[in-house]
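The exercises below are to be worked with the sequence and the model open side by side. Each task is followed by a solution in steps.

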Amino acid sequence: MILINLLPHREAARKRRRETFYATLGLAAVLGVILSGVVFLWLESQISTQQAKNTLLKTEIGKLETQIKEISTLQSEIAALRARQQAVEDLQGDRNLPVHLMNELVRQLPDGVYLTSMKQDNQTVTLQGMAQSNERVSELLRNLGNNSPWLVKPQLIEITSGSVSLSPRDQRRVAVFKMSIGLKRPTDAQKPAAGAPGAAAAAAAKKG
């Protein structure tokens, strides 16, 4: 016996395929929405975490800036205190400068040189005087520049020829000079002496 299917099987197959396609499409849409939601929540969590870190960093940066300002203020105050201390030490040392100046001039003044005037302006001393010859003036310059711990940088301003009367019949030619010289403060004069042991130690270390 031959059986003939008279039902529209092709239409039924198409219907099943459409239903399967729509079901797959719906499932994909649901999965896409779920995945998008998960990604969105993860990104929100990352953004919140980063914002919290940024807030913490801003807070710490603010604290550091405050500390830096405080340190800068302290450094300024320390520098001001050191400047005041140095000024007080200089004032205390300056009281003895005339004594050191006179002692050094007595020690370094060669024979045949006479001072006629002396003027001090801060740390600069201007000397005027007479000498038996130009060589005596040169000797005075060498003494003041090399042999004195209190006097520095002697400079000859001018030297002219003059004469001096020892008696009505005795006149001698002399060299009239004017020079300037720097006067060290006690704190400056002590610096080379304080640095000498360190220099000696360094030299010994190099030899060793």
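## Exercise 1: a charged pair in helix α2

E104 has a relative accessibility of 4%, so E104 counts as buried. The model is a predicted one.

Task: Find the residue that forms a salt bridge with E104, and state whether that residue is buried or exposed.

Solution.
- Step 1. The salt-bridge partner of E104 is R107, with the closest N and O atoms 3.0 Å apart. The cut-off for such a pair is 4 Å.
- Step 2. E104 and R107 sit in helix α2 (residues 97–108), and because they are three residues apart, about one helical turn separates them.
- Step 3. R107 has 56% relative accessibility and therefore counts as exposed. The limit for exposed is over 50%, and for buried under 20%.
- Result. The bridge joins E104 to R107; E104 is buried, whereas R107 is exposed.

## Exercise 2: the other salt bridges

Task: How many salt bridges does the count give? Describe the pairs made by K63 and by R136.

Solution.
- Step 1. The count is three salt bridges. Side chains of opposite charge can pair when their charged atoms come close.
- Step 2. K63 pairs with E60, and their closest N and O atoms are 3.9 Å apart. Both residues belong to helix α1, three residues apart, about one turn of the helix.
- Step 3. K63, at 46% relative accessibility, is partly exposed, and E60, at 36%, is partly exposed.
- Step 4. R136 and E139 meet through their side chains at 4.0 Å, N to O. They lie three residues apart in helix α3 (residues 134–146), so about one helical turn lies between them.
- Step 5. R136 has a relative accessible area of 28% and is partly exposed; E139 is partly exposed, at 28% relative accessibility.

## Exercise 3: the surface of helix α1

Task: Which residues make the nonpolar surface patch of about 470 Å²? Classify the aromatic pair formed by F21 and Y22.

Solution.
- Step 1. The patch is made by L27, V30, L31, I34 and V38.
- Step 2. L27 is in helix α1 (residues 9–94). With 53% relative accessibility, L27 counts as exposed.
- Step 3. For the rings, the count is one aromatic pair. F21 and Y22 form this pair, with centres 5.7 Å apart and 55° between the planes, which makes it tilted. Planes over 60 degrees apart would count as edge-to-face.
- Step 4. F21 is exposed, with a relative accessible area of 52%, and Y22 is exposed as well, at 54% relative accessibility.

## Exercise 4: S180 and K153

Task: Place S180 and list its contacts beyond four places in sequence. Then state what is notable about the phi of K153.

Solution.
- Step 1. S180 lies in strand β4 (residues 170–183). Its relative accessibility is 14%, so S180 counts as buried.
- Step 2. Leaving aside neighbours within four places in sequence, S180 is in contact with T124, V125, T126, K153, P154, Q155 and I157.
- Step 3. One of these contacts, K153, has its place in strand β3 (residues 151–167). K153 is exposed, with a relative accessible area of 68%.
- Step 4. The phi of K153 is near 50°, a positive value in a residue other than glycine. Most residues other than glycine have a negative phi.

## Exercise 5: the chain as a whole

Task: Give the order of the elements from the N terminus on, and say where confidence is lowest and where it is highest.

Solution.
- Step 1. The protein has four helices and four strands, and they run α-α-β-β-α-β-β-α.
- Step 2. Of the 208 residues, 17% are buried. About 16300 Å² is exposed, with 59% of it supplied by carbon and sulfur atoms.
- Step 3. Among contacts with a separation of 6 or more, 59% are between residues 24 or more positions apart.
- Step 4. The mean pLDDT is 79, and 81% of the residues reach 70 or more.
- Step 5. Confidence is lowest in helix α4 (residues 186–207), with a mean of 50, and highest in strand β2 (residues 124–131), at 88. Over residues 193–208 the pLDDT is below 50, and this stretch has zero contacts in the model beyond near neighbours in sequence.

Notes:
Residues numbered from 1 in each chain as written. Predicted model: local features only at pLDDT ≥ 70, side-chain atom pairs only at ≥ 80, totals over all residues. Heavy atoms only, no water. Helix = DSSP H or I, 4+ residues; strand = E, 2+ residues; numbered from the N terminus. Buried < 20%, exposed > 50% of the residue type's maximum accessible area, 1.4 Å probe, protein only. Contact = heavy atoms within 4.5 Å. Patch = residues over 30% accessible without salt bridge, like charges linked within 9 Å, V, L, I, M, F, W, Y side chains within 5 Å. Areas by Shrake-Rupley, 256 points an atom, 1.4 Å probe, with all protein chains shown as cover. pLDDT = per-residue confidence, 0-100. Phe/Tyr/Trp six-rings, centres within 6.5 Å; stacked < 30°, edge-to-face > 60°.
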